[in-house]
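Here are some exercises to work through with the structure open beside you. Try each task on your own before reading its solution.

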Amino acid sequence: MSQKEKTTIVLFSGDLDKAIAAFIIANGAAAYDHEVTIFFTFWGLNTLRKDSPVPVKKGFLENMFGKRMPRGANKLGLSRMNMAGIGPKIIKHVMKKHNALSLPQLIELAQEQGVKLVACTMTMDLLGLRKEELIDGIDYAGVAAYLGDAAEAKVNLFI
């Protein structure tokens, strides 16, 4: 029996359009029976944040980061043409009009297909994010775990 192809994606960006692209690629690879890992680091971690605030104890700087970062997949801005927050609304409208899945739906589909969603623990520490603030059903690991997956993958993307 042959081993599954592997695909890894580092999602560094916290931009809506880049997160959508990452999840479209991940879901496509999973549909082709690839073993897929998305490693979320720095601003990409905002994609995994819960929409509602979670009461957790934090220091002053951690609180400031938390208040300034978008809370979840529905709150991400665009990399271009954000237009003071109107851009994401337009993109979401166009996607709905064309029956394309929203980012939260793409995340759900990825989880259903067994895509491994991994939050970078070092970045979580730096930004003051706690596990309780992130969505359920994800893994937590450092860069060594990602490198282990990437070393075995034929496709490695940085978004």
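The exercises below concern a predicted model, and each is followed by a worked solution.

**Exercise 1. A salt-bridge network**

Task: Find which residues are linked with Lys6 in a network of salt bridges, and work out which parts of the chain are joined.

Solution:
- Step 1. Start with the total: the structure holds eight salt bridges.
- Step 2. Look at lysine 6 and glutamate 35, whose side chains meet in a salt bridge with an N to O distance of 3.6 Å. This pair links distant parts of the chain, with lysine 6 in strand β1 (residues 6-11) and glutamate 35 in strand β2 (residues 35-40), 29 residues apart.
- Step 3. Now turn to glutamate 152, which forms a salt bridge with lysine 6; here the closest N and O atoms are 2.2 Å apart. Glutamate 152 belongs to helix α6 (residues 143-152) and lysine 6 to strand β1, so this pair ties together parts that are 146 residues apart in sequence.
- Step 4. Put the pairs together: Lys6, Glu35 and Glu152 are linked in a network of salt bridges.
- Step 5. Add the accessibility. Lysine 6 counts as buried because its relative accessibility is 12%, under the 20% cut-off. Glutamate 35, at 38%, counts as partly exposed.

**Exercise 2. Another bridge from helix α6**

Task: Identify the salt-bridge partner of aspartate 149, then decide whether aspartate 149 is buried or exposed.

Solution:
- Step 1. The partner is lysine 116, and the closest N and O atoms of the pair are 3.0 Å apart.
- Step 2. Place both ends: aspartate 149 is in helix α6 and lysine 116 in strand β3 (residues 116-120), so to speak two distant parts of the chain, 33 residues apart.
- Step 3. Aspartate 149 has 16% relative accessibility and counts as buried, whereas lysine 116, with a relative accessible area of 31%, is partly exposed.

**Exercise 3. The nonpolar cores**

Task: Determine how many residues the largest nonpolar core has, and which element supplies its largest share.

Solution:
- Step 1. Recall the general tendency: in soluble globular proteins, nonpolar side chains tend to be buried together.
- Step 2. The largest nonpolar core has 33 residues, and those with the most contacts inside it are Phe23, Ile38, Phe40, Leu103, Val115 and Leu117.
- Step 3. Trace the contributors: β1, α1 (16-31), β2, α4 (103-112), β3 and α5 (121-127) each supply at least two residues of this core. The largest share, eight residues, comes from α1.
- Step 4. Zoom in on valine 115. Leaving aside residues up to four places away in sequence, valine 115 touches Ala26, Ala30, Val36, Ile38 and Ala110.
- Step 5. Apart from this core lies another, of seven residues, among them Val118, Cys120, Ala141 and Tyr146.

**Exercise 4. A buried lysine in a loop**

Task: Locate lysine 58 and list the polar contacts of its side chain with glycine 128 and glutamate 133.

Solution:
- Step 1. Lysine 58 sits in the loop between β2 and α2 (60-68).
- Step 2. With 16% relative accessibility, lysine 58 counts as buried.
- Step 3. A polar atom of the lysine 58 side chain lies 2.9 Å from the backbone oxygen of glycine 128. The side chains of lysine 58 and glutamate 133 are joined by a polar contact of 3.0 Å.

**Exercise 5. A surface patch**

Task: Find which residues form a nonpolar patch on the surface with Val94.

Solution:
- Step 1. The patch consists of Met81, Met83, Ile86, Ile90 and Val94, with about 490 Å² of accessible area together.
- Step 2. Take valine 94 as an example: it lies in helix α3 (residues 86-97) and, at 38% relative accessibility, counts as partly exposed.

Note on methods: Residues numbered from 1 in each chain as written. Predicted model: local features only at pLDDT ≥ 70, side-chain atom pairs only at ≥ 80, totals over all residues. Heavy atoms only, no water. Patch = residues over 30% accessible without salt bridge, like charges linked within 9 Å, V, L, I, M, F, W, Y side chains within 5 Å. Areas by Shrake-Rupley, 256 points an atom, 1.4 Å probe, with all protein chains shown as cover. Salt bridge = Lys/Arg side-chain N within 4 Å of Asp/Glu carboxyl O. Helix = DSSP H or I, 4+ residues; strand = E, 2+ residues; numbered from the N terminus. Buried < 20%, exposed > 50% of the residue type's maximum accessible area, 1.4 Å probe, protein only. Core = buried A, V, L, I, M, F, W, Y, C linked by side-chain atoms within 4.5 Å. Contact = heavy atoms within 4.5 Å. Polar contact = N/O pair within 3.5 Å; in protein donor to acceptor, adjacent residues only side chain to side chain.
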